[in-house]
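Subject: Structure for your review

Dear colleague,

Please find the structure below, together with its sequence. My notes on what was found in it follow directly after.

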Amino acid sequence: MKVLIICGTAHKGSTYHIARILAEKITDSGSIREMFLPTDFCEFCCGCTCCIVKGEERCPHYEKLRPVTEAIDEADVLIFSSPVYVYHVTGQMKALLDHYGWRFMVHRPEEKMFSKQAVAITTAAGAGMKSAIKDITDSFFFWGIPRIYKYGKAVMESSWDRVKPKIKQSIEKKTDSLAVRIRSAEGKKLRIPLKTKGFFKLMSLMQRNGFNEKDKNYWIEKGWTGKARPWKKS
């Protein structure tokens, strides 16, 4: 299985270490790719809506974003990790997610997403994991990813080296459990949740008229305004 880790900071702290521990329990190290923000992508969305109305290639940051997009598309498992900053993900993680609004099911979802698994990992010295995880998993859902895992951990320290052994033991136990669940789905067709199917059906009806020509034509070409679905092979 190919695993992609996208870290919401270039600092290799507790969040990074948990993501790496999990990835190594899922697959061999040669199948793991890491990306760090803002090192691998550092732009803020301009709000120009070019990606939605004219096409993603018209985004002023398209060339910088393309390596990240290609890495996401190639991976079987996505691990997005971010420490909690003021009860949310880091600004650089949010900036990356903002650039994929065009991939939401309401616009032009990528069919590869409907066969992936994804994990959102957050840590904090204290609290805020729930809201930070939601920042990530909202995008996972609207991208169409069918199997989403969440792991937020209060590590009670600002340095991984100082995290207490008991907490690290609990992290090992949780990542063992997550890895088993993720590996169990390898090579299998993932069940699409009813919530995803229902939302997709609603979008298919709305896209018959379309929010804009780019979206409308995309859905029609895919056959999704009819009975075709990205999780069903023709």
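K188 is exposed in this predicted model, with a relative accessible area of 56%. The residue belongs to the loop between helix 6 and helix 7, the latter spanning 194–206. Its C-alpha atom lies 9.2 Å from that of S115, although K188 and S115 are 73 residues apart in sequence.

Backbone geometry

The peptide bond that joins L37 and P38 is cis, with omega at about 5°. P38 is part of the loop between strand 2 (32–36) and helix 2 (50–53).

Two residues with positive phi deserve a note. V86 has a phi near 40°, a positive value, and V86 is not a glycine. Y87, likewise no glycine, has a positive phi of about 70°. V86 is placed in the loop between strand 3 (77–83) and helix 4 (91–98), and Y87 is also found in the loop between strand 3 and helix 4. As to accessibility, V86 is exposed at 79% relative accessible area. Y87 has a relative accessibility of 48% and therefore counts as partly exposed, since the exposed class begins over 50%.

V89 is another residue of the loop between strand 3 and helix 4. Its relative accessible area is 7%, so V89 is buried, the limit being under 20%. Leaving out residues up to four places away in sequence, V89 touches S82, P83, K94, A132, D135 and I136. By contrast, the C-alpha atoms of V89 and M113 are separated by 22 Å, with their positions 24 residues apart along the chain.

Aromatic rings and charges

How many aromatic pairs does the structure hold? There are 17 of them. One is the pair of Y100 and W143, which is edge-to-face, with 5.6 Å from centre to centre and 80° between the planes. Y100 lies in the loop between helix 4 and strand 4 (117–124), while W143 lies in helix 5 (residues 129–143), so this pair ties together parts that are 43 residues apart in sequence. Y100 and W143 are both buried.

A single aromatic cluster is formed by F114, F200, Y218, W219, W224 and W231.

Two lysines have their charged ends over aromatic rings. The charged end of K168 sits over the ring of W160, at 4.6 Å from the ring centre. The charged end of K195 sits over the ring of F141, and here the distance to the ring centre is 4.7 Å.

Packing of helix 1 and helix 6

Helix 1 (residues 14–26) packs against helix 6 (residues 165–183) at an angle of about 45°, and their axes are 9 Å apart. Angles under 35 degrees would count as roughly parallel and those from 65 to 115 as roughly perpendicular; helix 1 and helix 6 are therefore oblique to each other. The crossing of helix 1 past helix 6 is right-handed. On the side of helix 1, the contact is made by I18, I21, L22, K25 and I26. Helix 6 contributes I171, E172, T175, D176, L178, A179, I182 and R183.

Two buried helix residues

T137 is placed in helix 5. With a relative accessible area of 9%, T137 is buried. Residues up to four places away in sequence aside, T137 touches A120, I148 and K150.

D215 is found in helix 8 (residues 213–222). Is D215 buried or exposed? At 0% relative accessibility, D215 counts as buried. Its contacts, without neighbours within four places in sequence, are I52, V106, H107, R108 and Q207.

Points to locate in the model

For your inspection of the coordinates, I list four places again:

- The cis peptide bond between L37 and P38.
- The positive phi values of V86 and Y87.
- The edge-to-face pair of Y100 and W143.
- The right-handed crossing of helix 1 and helix 6.

Yours sincerely

How values were computed:
Residues numbered from 1 in each chain as written. Predicted model: local features only at pLDDT ≥ 70, side-chain atom pairs only at ≥ 80, totals over all residues. Heavy atoms only, no water. Helix = DSSP H or I, 4+ residues; strand = E, 2+ residues; numbered from the N terminus. Buried < 20%, exposed > 50% of the residue type's maximum accessible area, 1.4 Å probe, protein only. Phe/Tyr/Trp six-rings, centres within 6.5 Å; stacked < 30°, edge-to-face > 60°. Lys NZ or Arg CZ within 6 Å of the ring centre and 35° of its normal. Axes fitted to C-alpha atoms, helices over the stretch in contact; angles between N-to-C directions. Parallel < 35°, antiparallel > 145°, perpendicular 65-115°, else oblique. Left-handed = near helix turned anticlockwise from the far one by under 90°. Contact = heavy atoms within 4.5 Å.
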